[in-house]
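Let's take a walk through this fold together, one sheet at a time. Have the viewer open and follow along.

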Amino acid sequence: MIHSTAIIHPGAKIAEGVEIGPYVVIGENVSIGKGTKIGPHTVVDGWTEIGEDNTIFHMASVGAVPQDLKYHGEKTWLKIGNGNTIREFASLHLGTVTGDGETTVGDNNLFMAYSHVAHDCHIGNNVIMANSATLAGHVTVEDYAIMGGLSAVLQFTRIGAHVMVGGMTSITLDIPPYTIVTGDRSESRLRGLNLVGLKRRGFSEESISSLKKAYKLLSMSGLKLTEAVEKMKTELPSCPEVDHFIAFIEGAKRGVTR
């Protein structure tokens, strides 16, 4: 299951059933879980942990040193879960000691061609990053978010769960969960709830109705952010989705797109 032209450091830990294609390079501090497949000419380096049943296509770069001038070879990590697909020319980098010390990726995510996950990012589960979608350092992307092609996210920004980011959108402020955002750097803004996504994923009508009311308070009421949040707390029935919507907004450090 390992091609004769692959270069694998003796210190690497390769589980049973791993497939490694031609001209792959695996570094000393890499561990790869069973069932994972690595395509031709891919480089996996650094202190990188890859779980089970991942598929990494040709020419991907996994575990390279950060594109951060403050990084000087410290022991930092890239940790990838199970069932992810990393397409050709995608790149995922190690963390930094000035950040969290690790970049983390959950389960069942899809990183399309040329997508980029920079140092100290944290990706949840079932996330899709379309072609050339790019995350700067220290970005958090919650579960089921979808990043459109050529979208770009500024460092330290958060993308909420079930968010849909339109193609070629520049994100400079946090995006509340369950919403759609589009636009360029000068006018990126919320365009409504991601209703199609919420219905496809089985959210109840009651939860969607409550989220609609929360969204209107956030984006259509003209209230200050703190006032809008207070009204959500006092006027809306509690449910997990609205509670997360409120908690996400309250946790924003960069500000919230409205």
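Which residue in E11 is the bridge partner of Trp47? That partner is Trp77. Before going further, a word on what you're looking at: this is a predicted model, where local features need pLDDT of at least 70, side-chain atom pairs count only at pLDDT 80 or more, and totals for chains, interfaces and linings use all residues. Residues are numbered from 1 along each chain as its sequence is written, and side-chain values use heavy atoms, with hydrogens and water left out. Helices (H or I, at least four residues) and strands (E, at least two) are DSSP runs, numbered from the N terminus.

Back to the two tryptophans. Trp47 belongs to strand E8 (residues 47-50), and E8 pairs in the parallel sense with strand E11 (residues 77-80) over 4 bridges. Pairing here asks for at least two DSSP bridges between two strands. With strand E5 (residues 30-32), E8 makes another parallel pair, this one over 3 bridges, and there Val30 has Thr48 as its bridge partner. In a regular strand, side chains alternate between the two faces of the sheet. You can see that pattern in E8: Thr48 and Ile50 point to one face and are buried, while Trp47 and Glu49 point to the other and are not. Buried means under 20% relative accessible area, exposed means over 50%, and partly exposed is in between, using a 1.4 Å probe and protein chains only.

Now zoom out to the sheet that holds these strands. It is an open sheet of 8 strands with parallel pairing, in the order E2-E5-E8-E11-E14-E17-E20-E23. Strand E2 (13-14) and strand E23 (158-159) stand at the edges with a single partner strand each, so one side of each has no neighbour in the sheet. For E23, look at strand E20 (residues 140-141): the two pair in the parallel sense over 2 bridges, and Thr140 stands opposite Arg158.

The loops around here have a couple of backbone oddities. His138 sits in the loop between strand E19 (134-135) and E20, and its phi is near 65°, a positive value in a residue other than glycine. Phe156, in the loop between strand E22 (152-153) and E23, also has a positive phi near 65°. How do their surroundings look? His138 is buried, at 15% relative accessible area, whereas Phe156 is partly exposed, at 46%.

Next comes another open sheet, with 10 strands and mixed pairing, in the order E3-E6-E9-E12-E15-E18-E21-E24-E26-E27. Its edges are strand E3 (19-20) and strand E27 (189-193), each with a single partner strand, so one side of each is left without a neighbour in the sheet. E3 runs parallel to strand E6 (residues 37-38), joined by 2 bridges, with Ile38 in E6 as the bridge partner of Ile20. Helix H2 packs on this sheet, touching strand E26 (179-182) and E27, and its direction makes about 155° with that of E27. Contact means heavy atoms within 4.5 Å.

Leu110 gives you a spot inside this sheet, in strand E15 (residues 110-111). Leu110 is partly exposed, with a relative accessible area of 26%. Leaving aside neighbours within four places in sequence, Leu110 touches Thr85, Arg87, Val127, Ile128 and Met129. Compare His93 in strand E13 (residues 91-93), which is buried at 6%. With the same kind of neighbours left aside, the contacts of His93 include Pro66, Leu78, His116 and His119.

Finally, back to H2 (residues 205-219), whose axis comes within 9 Å of that of helix H4 (residues 240-250), crossing at roughly 25°. That makes H2 roughly parallel to H4, a label for angles under 35 degrees; over 145 is roughly antiparallel, 65 to 115 roughly perpendicular, and the rest oblique. Axes are lines fitted to C-alpha atoms, for helices over the stretch in contact, and angles run from 0 to 180 degrees between N-to-C directions. On the H2 side, the meeting residues include Leu211, Tyr215 and Leu218, and on the H4 side Val242, Phe245 and Ile249 are among them.
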